[in-house]
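Here is a short briefing to read alongside the model. Keep the viewer open and follow the topics in turn.

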Amino acid sequence: MSAAPPGTGWPLDPATARTPVARTALDVQRLARSAADAHDIDSASSVCRACDRLVGWREDVAAVKRRAYAAEPYWGRPTIGFGPPDARLAILGLAPAAHGGNRTGRIFTGDRSGDWLFAALHRAGRASQAESVSADDGMQLFDTRIVASVRCAPPDNKPTPIERATCEPWLVRELQLLAPTLQVLVVLGGFAWNAAWPALASAGYAIPRPRPAFGHGAEARIASPTGALTLLGCYHVSQQNTFTGRLTIDMLDAVFARADEIVNAPD
Ligand code: SF4
């Protein structure tokens with residue numbers, strides 16, 4: 001089997017066999033626009049098949065598997081947002097990993113990048129545990145939601161511009177629904193930083209010109225439909241960055257400490 005059929009018992013699967021399936025970019029736009037809440041986005045996006053190349057890739061990976069996980073089923077579907085839908089802090093990544101989120105069915109779960117991210121969230125008091133290994137490991141996030149700008153694992157971790165644009169309506173609707181509570185968006189890496197601006201603009205946020213440049217610790221405060229939102233840039237928690245020391249534990253903790261300062265600042 002190449003992907004988990006919807007509604008067959010995968011932990012946290014929001015979809016059923018009757019969930020409408022987006023097969024084109026127009027379908028994504030229509031279904032995202034009509035999503036009334038996070039559950040609607042989660043369920044519809046978790047069965048999305050609008051990008052032929054990414055659907056083929058994620059399902060091939062799920063069928064062939066990595067040797068270390070040969071005995072495990074793979075999710076093989078888009079990864080959805082994780083965490084409370086009324087969070088004040090959101091974390092934006094680029095796309096799930098082939099043998100991480102695409103395997104476990106939960107974003108940043110089951111790979112080294114997730115090890116770094118969830119450990120940092122646990123140190124910050126935002127995650128119930130430091131280890132994130134599977135969708136049914138009991139992890140809870142507090143006042144924090146994690147989303148990806150592209151929901152399917154791409155070959156070489158590189159979605160094409162058309163794939164990014166096709167997936168954008170899911171993110172736009174997610175940002176619109178989060179807007180009443182969202183105060184800080186931590187953006188992991190320059191690709192996600194670049195993807196954030198058009199999605200924020202489409203979601204009704206005021207975008208400065210020129211757009212603020214990405215950097216670790218970069219900070220940009222913008223007007224949201226319901227108040228203000230601060231973007232915080234953070235180097236991606238990729239192995240490339242963490243193994244080389246480009247991103248250290250202290251640097252990552254400092255970003256979440258800054259996020260806490262903003263969220264807890266008096267109005
Ligand atoms: S990348 Fe996004 S739009 Fe494309 S198939 Fe996956 S969920 Fe659908």
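**Backbone features in the loops**

P210 sits in the loop that runs between α7 and β4. The peptide bond joining R209 to P210 is cis, with omega at about -5°. Please keep in mind that this is a predicted model. Two further loop residues deserve a look, and after them come the sheet, the helices, the ligand shell and the chain as a whole.

**Positive phi values**

- D143 is not a glycine, yet its phi is positive, at about 55°.
- You will find D143 in the loop between α5 (112-123) and β2.
- D143 counts as partly exposed because 16 other C-beta atoms lie within 10 Å, between the limits of 12 or fewer for exposed and 20 or more for buried.
- N157 is another residue other than glycine with a positive phi, here near 60°.
- The loop between β2 and α6 holds N157.
- Is N157 buried, exposed or partly exposed? With 15 other C-beta atoms within 10 Å, N157 is partly exposed.

**The sheet**

- Five strands form an open sheet with mixed pairing, in the order β2-β1-β3-β5-β4.
- Why do β2 (144-148) and β4 (219-224) each have one side without a neighbour in the sheet? Both stand at the edges and have a single partner strand each, so nothing in the sheet flanks the other side.
- On average, neighbouring strands of this sheet are turned by 25° against each other, with direction ignored.
- β4 runs antiparallel to β5 (residues 227-234), and six bridges join the two.
- Within this pair of strands, E219 stands opposite L232 of β5.

**Helices across the sheet**

- Helix α7 (residues 190-202) lies across β1 (89-93), β3 (184-188) and β5.
- The direction of α7 is at about 135° to β3.
- Helix α9 (residues 249-264) also lies across β1, β3 and β5.
- For α9, the angle to β5 is about 170°.

**Around the ligand**

- How many residues surround the ligand, and which are the closest? There are 15, and the closest are C48, C51, R151, C152 and C167.
- Two elements, α3 (52-64) and α6 (161-178), give two or more residues to this shell.
- With three residues, α6 provides the largest share of the shell.
- By class, the shell residues divide into 10 nonpolar, two polar and three charged.

**The chain as a whole**

- The chain has nine helices and five strands.
- Read from the N terminus, its elements follow the pattern α-α-α-β-α-α-β-α-β-α-β-β-α-α.
- The radius of gyration is 17 Å, close to the 18 Å that the globule rule gives for 267 residues, so the chain is as compact as a globular protein of that length.
- Taken along the principal axes, the C-alpha atoms fill a box of roughly 50 × 40 × 30 Å.
- Of the 267 residues in the chain, 50% are buried.
- Among contacts between residues at least 6 apart in sequence, 68% join residues at least 24 apart.

Methods
Residues numbered from 1 in each chain as written. Predicted model: local features only at pLDDT ≥ 70, side-chain atom pairs only at ≥ 80, totals over all residues. Pairing = 2+ DSSP bridges. Helix = DSSP H or I, 4+ residues; strand = E, 2+ residues; numbered from the N terminus. Axes fitted to C-alpha atoms, helices over the stretch in contact; angles between N-to-C directions. Contact = placed C-beta atoms within 7 Å. Near = placed C-beta within 6 Å. Nonpolar A, V, L, I, M, F, W, Y, C, P; charged D, E, K, R; others polar. Rg over C-alpha atoms; globule rule 2.2 N^0.38 Å.
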